[in-house]
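Visitor: I would like to learn how to read the features of a model such as this one, taking them one at a time. Could we look at the structure together and start from the backbone?

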Amino acid sequence: MAQHFSLAACDVVGFDLDHTLCRYNLPESATLIYNSFAQFLVKEKGYNKELLTVTSEDWDFCCKGLALDLEDGNFIKLADNGTVLRASHGTKMMTPEALAEVYGKKEWKHFMSDTGMACHSGKYYFYDNYFDLPGALLCARVVDSLTKQNGQKTFDFWKDIVAAIQHNYKMSAFNENCGIYFPEIKRDPSKYLHSCPESVKKWLRQLKKAGKILLLITSSHSDYCRFLCKYILGNDFADLFDIVITNALKPGFFSHLPSQRPFRTLENDKEQEALPSLDKPGWYSQGNAVHLYELLKKMTGKPEPKVVYFGDSMHSDVFPACHYSNWETVLILEELRGDEGRKPEESEPQEKRGKYEGPKAKPLNTLSKKWGSFFIDSVSGLENTEDSLVCTWTCKRISTYSTIAIPSIEAIAELPLDHKFTRFSSNNSKTSGYYPNPPLVLSNNETLITK
């Protein structure tokens, strides 16, 4: 494989929407998401009212890449070889002694090297994106509460979390002002959403002018997608995209057969009949990558058009687009904007305080004191040997399935389209695909990391 990647060589450029084209004000959106679910658990399911009170210190628990064992209420951070680096029961971190006793040096019981391990199963849940992450704090506090109240050792609260998600995010929720999340976003979008910078809007037009086909593929429903796009890109946003696919139900969009997940047309944001194939550009719902690629062949006149897809979720965007569709992938990794990705003197000004009264969530892309680095961690050595540094499982997946990783689209918007990015590959260093710079914690310790 070539060592470099260039947008100029791609025929099709696809985008996820939430946390990719549309950036959120993370401290505000995290607080809103937590609140949306906690209120439901307390009011509808009878959980302890303590869940509604969150301190600023509580938010330090949030760290992308954690897995929740749904049966025993333990959160774990995995090394690239599947062993457990750190763990907590609820929010209570395990001591090194307890960690060794519970997990030892062996692979976590649900670990399957890479492709075999889904992010969501009936036994565990991986926290992989910023929509999910406030739920990690809520679930950990639910475990704390049930352990304290009833001395519970096994747990069955996940069905209530799913009900809270369904209540706030179901297909009709935006239109019906159901739950807390959508009504609040509608009431004050500027509090939660960042408009696309002019440089990004100009870059999108530049891609169109260069003859690229532009796709928007989002798991958000069509009404919320339209609302977001109007806010971040302007009323003429639809002119930028040749094909818009909403309610895409990723990762199934990439992994399912066409018969399992046909495209559907939309009328007044309601899904209509299933389509036997995708014959022309337009706005659709659900669907699958196989039928989409057939249309892209027709539109480009090429037997194998080259597609690149930008997304923030390894589970829903990057892994499936790479693994099932063999697309190039650009991971939007906001951790590169956080304190692991820049020098101390580059720290950003404090976010302006919003209208929500109460302690603000920390920016979720910053370092967790409890969980340590998103990218690496230390493993205690045997007697008389030093601790060694290892990559986390999430860090390994970045270099395995991403072509490149960037902090935001804005970071590349002013580069020429033929700019040559160094890609991740087995021949290059583990840090080669990060642009503009690898996270400091990786570059500073690259020679020390155990392979």
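Visitor: Is asparagine 326 buried or exposed, and where is its place in the chain?

Guide: This is a predicted model, and the values we discuss are computed from it. Asparagine 326 has a relative accessible area of 68%, and because anything over 50% counts as exposed, that residue is exposed. Its place is in the loop between α12 (314-323) and β16 (328-332), and its phi is positive, about 60 degrees, although asparagine 326 is not a glycine.

Visitor: Which value of phi does asparagine 268 have, and in which loop does it lie?

Guide: Asparagine 268 has a phi near 50 degrees, again a positive value in a residue other than glycine. This asparagine lies in the loop between β12 and β13 and is exposed, with a relative accessible area of 70%.

Visitor: Let us turn to the helix that precedes the loop of asparagine 326. How many of the 10 residues of α12 are buried?

Guide: Eight of them are, so α12 is largely enclosed by the rest of the structure. The buried residues are Met314, His315, Ser316, Asp317, Val318, Phe319, Pro320 and Ala321, and they pack against α10, β15 (307-311), β16 and α13 (393-401).

Visitor: Which residue caps the N-terminal end of α12?

Guide: Serine 313 does, since one of its side-chain oxygens lies 3.3 Å from the backbone nitrogen of histidine 315; histidine 315 is itself among the buried residues of this helix.

Visitor: How should I read the nonpolar interior?

Guide: The general idea is that, in soluble globular proteins, nonpolar side chains tend to be buried together. In this model the largest nonpolar core has 88 residues, and those with the most contacts inside it are Phe15, Phe157, Trp203 and Phe310. Helix α1 (residues 26-45) gives the most to this core, with 10 residues. A second, separate core of 21 residues includes Leu215, Tyr284, Leu295 and Tyr309.

Visitor: What is phenylalanine 310 in contact with, leaving aside its neighbours within four places in sequence?

Guide: Its partners include Leu7, Val13, Phe15 and Trp203, together with Val330, Ile332, Ile406, Ile409 and Ile412. The list also holds Gly14, Asp16 and Thr20. Two of these partners, Phe15 and Trp203, are named with phenylalanine 310 among the residues with the most contacts inside the largest core.

Visitor: How many salt bridges does the structure hold, and which parts does the pair of aspartate 242 and lysine 208 tie together?

Guide: The structure holds 18 salt bridges, and a useful way to read any one of them is to ask where its two partners lie and how exposed they are. The side chains of aspartate 242 and lysine 208 meet at 3.3 Å, N to O. Aspartate 242 lies in the loop between α9 (222-233) and β11 (243-246) and lysine 208 in helix α8 (residues 198-209), so the pair ties together parts that are 34 residues apart in sequence. Aspartate 242 is partly exposed, at 22% relative accessible area, and lysine 208 is partly exposed as well, at 27%.

Visitor: How many residues apart in sequence are the parts tied together by arginine 226 and aspartate 269?

Guide: They are 43 residues apart, because arginine 226 lies in helix α9 and aspartate 269 in the loop between β12 (263-267) and β13 (270-274). The two side chains meet at 2.9 Å, N to O. Arginine 226 counts as partly exposed at 28% relative accessibility, and aspartate 269 is partly exposed at 27%.

Visitor: What separates glutamate 294 and lysine 297 in helix α11?

Guide: These two residues are three apart in helix α11 (residues 289-300), which means about one helical turn separates them, and their side chains meet in a salt bridge of 3.1 Å, N to O. Both count as partly exposed, glutamate 294 at 40% relative accessibility and lysine 297 at 27%. Elsewhere, salt bridges that share partners join Asp16, Lys250 and Asp317 into one network.

Visitor: Which residue does a cis peptide bond join to lysine 250?

Guide: Proline 251 is the partner, with omega about 10 degrees, and this proline lies in the loop between β11 and α10 (252-255). Another cis peptide bond joins tyrosine 435 and proline 436, with omega about 0 degrees; the place of proline 436 is in the loop between β20 (421-422) and α14 (440-443).

Note on methods
Residues numbered from 1 in each chain as written. Predicted model: local features only at pLDDT ≥ 70, side-chain atom pairs only at ≥ 80, totals over all residues. Heavy atoms only, no water. Core = buried A, V, L, I, M, F, W, Y, C linked by side-chain atoms within 4.5 Å. Buried < 20%, exposed > 50% of the residue type's maximum accessible area, 1.4 Å probe, protein only. Helix = DSSP H or I, 4+ residues; strand = E, 2+ residues; numbered from the N terminus. Contact = heavy atoms within 4.5 Å. Salt bridge = Lys/Arg side-chain N within 4 Å of Asp/Glu carboxyl O. Polar contact = N/O pair within 3.5 Å; in protein donor to acceptor, adjacent residues only side chain to side chain.
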